[in-house]
Amino acid sequence: MRPLTRSALRPYVCPSCRSSKPLTRRRFASQSQPTSVPDIYDVVCVGGGPAGLGLLAALRASPATSHLKVALVETQDLQKARSWSQDAHHFSNRVSSLTPSSVSFLQKIGAWEHLDTSRAQPYQEMQVWDGETDSRISFDWSMETSPFEDLRTVATMTENANLVRALLARIAASGDENLSIFSNTTVSSIENGTNHPDGPDLSAWPVLSLAPTASMPAAQPSQIAARLLVGADGINSPVRHFANIATDGWDYNRHGVVATLSLADPETPTFPVGTKTAYQRFLPSLGGPIALLPLPGNNATLVWSTTVENATYLKSLPPKAFIAMVNAAFRLSMADLQYMMRMERAAATSEDPHEDELSWRIQHTDFSRVPPMVNGVQEGSVASFPLRFRHASTYISPRVALVGDAAHVIHPLAGQGLNLGLGDVASLAKSIEYAVNHGMDVGDVLSLEHYTADRWATNAKIGGACDILHKLYNVPGQNPVAWARSFGLDVIDRVPFMKAFFMRNAQG
């Protein structure tokens with residue numbers, strides 16, 4: 001039972017509906033909790049991805065919060081992330097599109113200077129079109145009149161591993177005072193603490209039990225208590241489960257196929273030298289859009305949202321057949337693509353038929369403004385992941401806050417997932433900074449309310465828009481829905497202020 005403290009007596013107020021309801025914690029536990037007094041931290045973050053590391057870097061970068069005692073718990077070996085490296089001609093298939101606002105945040109906290117910018121690729125132009133009706137819209141940020149260079153860029157592509165390594169380097173540069181990083185460590189339980197007779201009253205605080213591993217340092221504590229516990233621990237967040245925060249959502253029954261590709265040089269450059277273009281084509285008959293996003297050199301990353309069956313088929317193809325399917329997806333009609341998606345794979349000893357089929361069909365197809373032909377796929381880079389929508393009912397609970405995928409997961413068609421997580425981190429760090437400057441408890445609901453009020457509606461709007469677009473562009477055939485979405489694309493493309501509105505929102 002909790003002591004009768006002011007924080008415990010205050011009913012939880014849902015920021016979205018402002019209605020009071022009693023809060024009951026769930027235990028996230030797999031073992032009983034020891035009775036020793038745990039080490040106490042101001043902020044403990046579970047999850048060492050870009051969101052969790054971004055929060056630590058932001059707290060360490062601010063003079064107001066740099067003195068806080070903070071910890072991060074991550075199940076993976078972060079030493080491998082610190083030493084990650086790739087040669088200049090190979091790129092990871094886990095790549096994100098950082099908006100100018102995300103880049104600005106990373107610059108503000110001092111992480112951008114640690115990023116290997118030779119492996120990052122800004123792009124200034126986008127071509128988006130409907131594979132059923134061929135209605136299209138083009139965005140060209142290189143023509144923007146803004147005096148600031150970053151505002152003439154729609155986004156910057158970089159590998160997630162490059163970003164994680166940069167954030168770890170920034171955190172290391174801040175020194176190790178009041179900082180603990182528990183790498184290769186599992187949280188075996190999260191429970192409310194107890195009132196220790198010879199120590200602090202932690203009955204309203206989350207206490208984490210850390211599971212011992214072979215690589216765990218001898219001096220690492222078995223328990224840590226958090227004044228504020230931050231869940232950056234993904235879609236199946238144990239921190240969210242502990243806080244008894246519900247989520248709404250559904251699975252799309254779609255997979256995102258990713259790969260690292262090499263491109264042929266375009267015969268005649270359409271845009272100024274140095275300008276990079278992203279391409280996205282909606283394929284309603286195949287279950288989702290295909291996108292080709294630029295990487296340094298003549299390289300690109302592929303994200304193809306399609307049915308589970310199609311994803312399995314694509315992953316089973318040999319490299320030349322896979323390349324032919326990607327080139328076909330940007331050029332051929334829906335009927336041609338459906339036919340090629342059902343073609344039998346050739347035996348290993350014979351020529352695969354996909355290339356010949358594409359060559360024959362492309363001679364009888366009219367197309368324009370398509371990406372350069374794909375001529376190579378990096379070995380081992382073809383993979384897939386399930387597509388889902390999730391949104392937490394709130395992002396906060398007494399002494400708990402959620403960021404990134406623990407709070408929301410959206411369809412990747414707009415490339416906003418990581419950007420929303422970094423937006424969460426920037427807002428939460430600002431709320432913690434405000435609480436410290438005004439002598440408030442960083443884990444109290446009053447200190448956290450501004451964070452959830454700032455981010456919940458924003459993320460719901462973007463996630464909802466992506467969900468609607470996904471459903472709208474999954475209606476195949478020539479029908480009123482197809483006509484309506486084509487009309488919408490044409491109107492946006494021809495009305496300057498509407499196009500400018502979408503361009504600025506895309507920049508974050």
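Helices here are DSSP runs of at least four residues, numbered from the N terminus. The model in these views is predicted.

**View 1. A nonpolar surface patch that includes a residue of helix H12.** Leucine 446 sits in H12, the helix that covers residues 445-472. Together with Tyr434 and Met440, Leu446 makes up a nonpolar patch on the surface, and the three share about 290 Å² of accessible area. Is leucine 446 buried or exposed? Neither, strictly: its relative accessibility is 48%, so leucine 446 counts as partly exposed, given that exposed starts over 50% and buried means under 20%.

**View 2. A three-stranded open sheet with a helix packed on it.** The strand order is E6-E10-E7, and the pairing is antiparallel. E6 (95-98) and E7 (121-123) are the edge strands, each pairing on one side only. From one strand to the next, the twist averages 25°. Zoom in on E6 and E10 (residues 155-159) and you'll find four bridges holding this antiparallel pair together; leucine 98 has threonine 156 in E10 as its bridge partner. Helix H5 (residues 160-173) packs on the sheet and touches E6 and E10, with its direction at about 85° to that of E10.

**View 3. Strand E18 and its two antiparallel neighbours.** How many residues of strand E18 (residues 299-307) are buried? Nine of the nine, so E18 is largely enclosed by the rest of the structure. Strand E15 (residues 247-263) pairs with E18 in the antiparallel sense through nine bridges, and valine 257 has tryptophan 304 of E18 as its bridge partner. Strand E17 (residues 288-295) is also antiparallel to E18, with six bridges between them; here leucine 295 faces asparagine 299 in E18. The E17-E18 hairpin has three residues between its strands, and glycine 297 adopts a positive phi near 70° there.

**View 4. Strand E14, with parallel and antiparallel partners.** Eight of the nine residues in E14 (residues 223-231) are buried, so this strand is largely enclosed by the rest of the structure. Which strands run parallel to E14? Strand E4 (residues 39-46) does, over seven bridges, and so does strand E22 (residues 400-402), over three. On the E4 side, valine 46 has glycine 231 in E14 as its bridge partner; on the E22 side, leucine 229 stands opposite valine 400. Strand E13 (residues 206-211) pairs with E14 in the antiparallel sense over three bridges, where leucine 208 is opposite isoleucine 224 in E14.

Definitions and conventions. Residues numbered from 1 in each chain as written. Predicted model: local features only at pLDDT ≥ 70, side-chain atom pairs only at ≥ 80, totals over all residues. Heavy atoms only, no water. Patch = residues over 30% accessible without salt bridge, like charges linked within 9 Å, V, L, I, M, F, W, Y side chains within 5 Å. Areas by Shrake-Rupley, 256 points an atom, 1.4 Å probe, with all protein chains shown as cover. Salt bridge = Lys/Arg side-chain N within 4 Å of Asp/Glu carboxyl O. Buried < 20%, exposed > 50% of the residue type's maximum accessible area, 1.4 Å probe, protein only. Pairing = 2+ DSSP bridges. Axes fitted to C-alpha atoms, helices over the stretch in contact; angles between N-to-C directions. Contact = heavy atoms within 4.5 Å.
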